Amino acid sequence: MSGESSEFDTLYAKAERIASQLPWLPRVPSSHVFDKRVRAVRSKLFPVLAAVDASFKKGPLTDDARWLRDNSSLVYSELSTVQGDLKLLRKLPHVRSSVGDVLPRILAFAQGYFRETSYHYQDQTFISYCRGYQRATPLELREFTVLSAGLKLVLLEEIAARGRKAVDQPDGP
C-alpha cells in the first residue's frame, strides 16, 4: 500500500511542478485552439477508422485494429460530444506551454495528466494529479465544467495517433 501512496505522491508533485511551469496569459481571453484540434483529430480519425473497416473485410485484424473497430461507435460518439462543447471551450484561461504553444489551461492540464499516467485514467491518479496541479494553479469552476471535453480531446488525439500506427504498421513499431 505504501508503494501506491508513493506513486500518488510522485504524481501530485509532478502535477504541481507542471502547473507552476505554465504561465497564465491574462491578455488571451479566448481562442480557437479547441476548434482547430477537434478538426485535426477528426480528419485523422475518420481515415483510420475507414482503413480498419477495409482491413476487416480482407482478413483477421491485429488486436489494436480490432479494438478500434469494436470501439468505433464510442470514438465517434465522444468526438461528437467534444464538438458539441466547442462554444463553451473558447473563453477559458490560457497558458503558454514549455514549447511555446498558447492553449487553454484545461488542455494543458489534460495533456500533462495523460502524459504522466501513460494515457491510463484511474480515479485515484486523477485526484492526485488534480490536487497537485491546483496547489500551484487553482482551476476556475468554469474550467471544471468543461474539463471532460479536454480529457476526451487529448485521448482522441492519442487514439488517432496510435490508430494510424496500427493501420500503417500492423506488425509492430
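This is a guided tour of the chain, moving from the whole model to two helix pairs, the nonpolar core and two arginines.

The model is predicted, so that local features need pLDDT of at least 70 and side-chain atom pairs count only at pLDDT 80 or more, while totals for chains, interfaces and linings use all residues. Residues are numbered from 1 along each chain as its sequence is written, and side-chain values use heavy atoms, with hydrogens and water left out.

**Whole chain**

Begin with the full chain in a cartoon view, where there are seven helices and two strands, both taken as DSSP runs numbered from the N terminus (helices H or I, at least four residues; strands E, at least two). Followed along the sequence, these elements give the pattern α-α-α-α-β-β-α-α-α, and the C-alpha trace spans about 50 × 45 × 25 Å along its principal axes. If you colour by accessibility, buried residues (under 20% relative accessible area, with exposed meaning over 50% and partly exposed in between, for a 1.4 Å probe and protein chains only) make up 39% of the 173 residues. With contact meaning heavy atoms within 4.5 Å, 77% of the contacts between residues at least 6 apart in sequence join residues at least 24 apart.

**H2 against H4**

Next select helix H2 (33-58) and helix H4 (72-84), whose axes come within 11 Å and cross at roughly 165°. Such axes are lines fitted to C-alpha atoms, for helices over the stretch in contact, and the angles run from 0 to 180 degrees between N-to-C directions. H2 and H4 are therefore roughly antiparallel, given that angles under 35 degrees count as roughly parallel, over 145 as roughly antiparallel, 65 to 115 as roughly perpendicular and the rest as oblique. To see the interface, show Val38, Val41, Arg42, Leu45, Phe46 and Leu49 of H2, which meet Ser72, Val75, Tyr76, Leu79, Val82 and Gln83 of H4.

**H5 against H7**

Now move to helix H5 (residues 105-116) and helix H7 (residues 141-168), which pack at an angle of about 50° with their axes 8 Å apart. That angle makes H5 oblique to H7. Residues to display in this contact include Ile106, Phe109, Tyr113 and Phe114 of H5 and Val146, Leu147, Gly150 and Leu153 of H7.

**The nonpolar core**

Then select Phe34, Leu89, Phe109, Tyr129 and Tyr133, which touch the most other members among the 44 residues in the largest nonpolar core, a core being a set of buried Ala, Val, Leu, Ile, Met, Phe, Trp, Tyr and Cys residues joined through side-chain atoms within 4.5 Å. Among the elements that give two or more residues to this core are helix H1 (2-20), helix H3 (63-70) and helix H6 (123-136). Centre the view on phenylalanine 34 and, leaving aside neighbours within four places in sequence, you will find Leu86, Leu89, Leu92, Pro104, Ile106, Leu107, Gly150 and Leu153 in contact with this residue.

**Two arginines**

Finish with two side chains: is arginine 105 buried or exposed? Arginine 105, placed in helix H5, is buried, with a relative accessible area of 6%, and, not counting residues up to four places away in sequence, the residues that arginine 105 touches include Tyr133, Glu140 and Glu143. Arginine 142, in helix H7, is partly exposed, with a relative accessible area of 40%, and touches Lys91, Leu92 and Pro93, again not counting residues up to four places away in sequence. Drawing a C-alpha to C-alpha line from arginine 142 to alanine 40 gives 25 Å in space, for a separation of 102 residues in sequence.
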